[in-house]
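Student: I would like a close look at one part of this model, taken slowly and in a connected way.

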Amino acid sequence: MIPEAIKVRKSSRCVVLTYDAVEYELSFELLRVMSPSAEVRGHGAGNEVLQYGKRDVGLLNLEPVGNYALKLTFDDGHDTGIYNWSYLHHLCLNQTTLWQEYLQRLEQSGKSRESSAIAFKSL
């Protein structure tokens, strides 16, 4: 299902997809941790790589891939996921469940959404 509209809202850190006049907001973090890339999904069931420390991930670029997908480039260097229309629609419809499952996996692994990067301040 192809979205009617796609917007990036940097201030609220989300991508908004519109289907049948209904807007769905997908956070940059959700899109990053649910990337369809082999780096995240692995190469087969059971080989998934839990993404953590992505709470503040930013989206640098969003570009079409033919007529079937979007390529997202994140500020942590991740840019290999191709989000086809079907997968994006799946994320929109199931984001609450997917997010809860993700949070449970984080908790079970002792990982956090917080980045371990050191924040430097000017003096």
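Student: Where is the place of H78? Please describe its surroundings, and then turn to helix α3.

Tutor: In this predicted model, H78 sits in the loop that runs between strand β5 (69–74) and strand β6 (82–84). H78 has a relative accessible area of 3%, and because buried means under 20%, this residue counts as buried. Its side chain makes polar contacts with two others: one of 2.8 Å joins H78 to the side chain of S35, and another, of 3.3 Å, links the side chain of H78 with that of E39. Leaving aside residues up to four places away in sequence, H78 touches R32, S35, S37, E39, V40, L72 and T73, so that S35 and E39 appear both in this list and as the polar partners of H78.

As for helix α3, which covers residues 85–109, N84 caps its N-terminal end, with a side-chain oxygen of N84 lying 3.1 Å from the backbone nitrogen of S86. The 25 residues of α3 would reach 36 Å in a straight helix at 1.5 Å a residue, yet the end C-alpha atoms of α3 are only 31 Å apart. The helix also has a kink of about 80°, centred on N94. Among the buried residues of α3 are W85, Y87, L88, H89, L91 and C92, and also L98, W99, Y102 and L106. Just after α3, G110 takes a positive phi of about 75°.

Methods:
Residues are numbered from 1 along each chain as its sequence is written. This is a predicted model: local features need pLDDT of at least 70, side-chain atom pairs count only at pLDDT 80 or more; totals for chains, interfaces and linings use all residues. Side-chain values use heavy atoms; hydrogens and water are left out. Helices (H or I, at least four residues) and strands (E, at least two) are DSSP runs, numbered from the N terminus. The expected span of a helix is 1.5 Å times one less than its number of residues. The bend at a residue is the angle between axes fitted to the seven residues ending there and the seven starting there. Buried means under 20% relative accessible area, exposed over 50%, partly exposed in between (1.4 Å probe, protein chains only). A polar contact is a pair of N or O atoms within 3.5 Å; within protein, one must be able to donate a hydrogen and the other to accept it, and residues adjacent in sequence count only if both atoms are side-chain atoms. Contact means heavy atoms within 4.5 Å.
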